[in-house]
Amino acid sequence: MEFILNPWPWYVSGPLITLIMVLLLLFGKNFGMSSNLKTLCTIAGADKYSDFFKIDWRSYKWNLIVVLGAIIGGFIATQFLSNDAPIQLSSETITDLKTLGFVNPGNTLLPPEIYSWDAILTLKGISILCIAGFLVGFGTRYAGGCTSGHAISGLSNLQLPSLIAVIGFFIGGLLMTHFILPLIF
Amino acid sequence: MKFLKFLIVGILFGIILVKSEAVSWYRIFEMFKFQSFHMYGIIGSAVGLGILSIYIIKKTKIKNIEGTKIEIPTKDKGFVNYLLGGSIFGLGWALAGACPGPMYILVGTGVFSILLVIAAATLGTFVYGILKDKLPH
């Protein structure tokens, strides 16, 4: 039980993610989470504004069910399968985060400096989350996939476009982490 | 009933990503700082085993539960859209500390401010759909 309650090491988590991809292939589907955002747009009526959203969303209902399950899984994992142990970040990461003004790095899944109500009820806080979300949603569709569709499924299928996309993920991520975050915090 | 299996896959996915800490903003920061092997181990082992799995699927011609051949779509040719779109995604990923999968999962962990990120991501997808034909691909 201790093994379940503690954070899982990478060599357990990684292969289990492969299992998710393989299960979806065996069920006749493909692993990709960002396409749900497109489906949500279509359900909300975006097909009136662009042909890009003219899809039969019912054929993607299975993926929305995966999302529903993922939410339930997140609940189960935090409520019943966790022991509130802090995240074992490297000491350099903790030092860097403290320099940026993050008080207790790793004590919670997400930093209260970005995700607490106190933080998002400021203009800066709400802007951070809205801009971040917008970039993820815009970028993932422009690139035709996200971490699950490109980094996991695409690379596993040896797709060159996915490798280019993943290189892009790192260009953006490195720019943000090394140059922009220090300007924001 | 036919959706139950997808619900179960989703639940497993949510549990795995929380327990791996891949849903944590801090782990994404640490990854982009190259200060821990953790995230590289997760993605690397998932891809390594994924390559082997897909090789076996193709080689053995295993059928899916619907009895048809497992089709893994190849990605469309392109360069600018993958590199530029990917970079835009990366900027958002490192700022929010969450990509689309974790965004949904985090709702279940009780961090409801993530709903704002999901709403903004849906808007971002909508704006891409509107501008699609004007963007370089």
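## Chain A

Of the 185 residues that make up chain A, 48% count as buried, in what is a predicted model. The secondary structure of this chain consists of ten helices and zero strands, so that, read from the N terminus on, its elements follow the order α-α-α-α-α-α-α-α-α-α.

Measured out along its principal axes, the C-alpha trace of chain A spans about 45 × 45 × 35 Å. When contacts in chain A between residues at least 6 apart in sequence are considered, 47% of them join residues at least 24 apart.

## Chain B

Chain B has 137 residues, of which 55% count as buried. Here the secondary structure comes to six helices, again with zero strands, and the elements run α-α-α-α-α-α from the N terminus on.

The C-alpha trace of chain B spans about 40 × 40 × 35 Å along its principal axes. Among the contacts in chain B with a separation of 6 or more, residues 24 or more positions apart account for 45%.

## Where the two chains meet

Between the two chains, 101 residues of chain B are in contact with 108 residues of chain A. On the side of chain B that touches chain A, the elements that give two or more residues are helix H1 (4–19), helix H2 (25–32), helix H3 (38–60), helix H4 (80–96), helix H5 (100–108) and helix H6 (114–131) of chain B. The element that gives the most to this side is H4(B), with 16 residues.

In composition, the residues on the side of chain B that touches chain A divide into 59 nonpolar, 32 polar and ten charged.

## The largest nonpolar core

The largest nonpolar core holds 92 residues, and the members that touch the most others in it are A:Ile20, A:Leu135, B:Ala98 and B:Val117. The core therefore includes residues of chain A as well as residues of chain B, since two of the names just given belong to each chain.

One of these four, B:Ala98, can be followed further within its own chain: leaving aside residues up to four places away in sequence, B:Ala98 touches B:Val23, B:Trp25, B:Met103, B:Leu106, B:Ile114 and B:Val117. B:Val117 thus appears both among the partners of B:Ala98 and among the core residues that touch the most other members.

Key. Residues are numbered from 1 along each chain as its sequence is written. Chains are lettered from A and ligands numbered from 1 in the order in which they are written. This is a predicted model: local features need pLDDT of at least 70, side-chain atom pairs count only at pLDDT 80 or more; totals for chains, interfaces and linings use all residues. Two residues are in contact if their C-beta atoms, placed from the backbone, lie within 7 Å. Helices (H or I, at least four residues) and strands (E, at least two) are DSSP runs, numbered from the N terminus. Ala, Val, Leu, Ile, Met, Phe, Trp, Tyr, Cys and Pro count as nonpolar, Asp, Glu, Lys and Arg as charged, and the others, Gly among them, as polar. A residue is buried if 20 or more other C-beta atoms lie within 10 Å of its own, exposed if 12 or fewer, and partly exposed in between; C-beta atoms are placed from the backbone. A nonpolar core is a set of buried Ala, Val, Leu, Ile, Met, Phe, Trp, Tyr and Cys residues joined through C-beta atoms within 7 Å.
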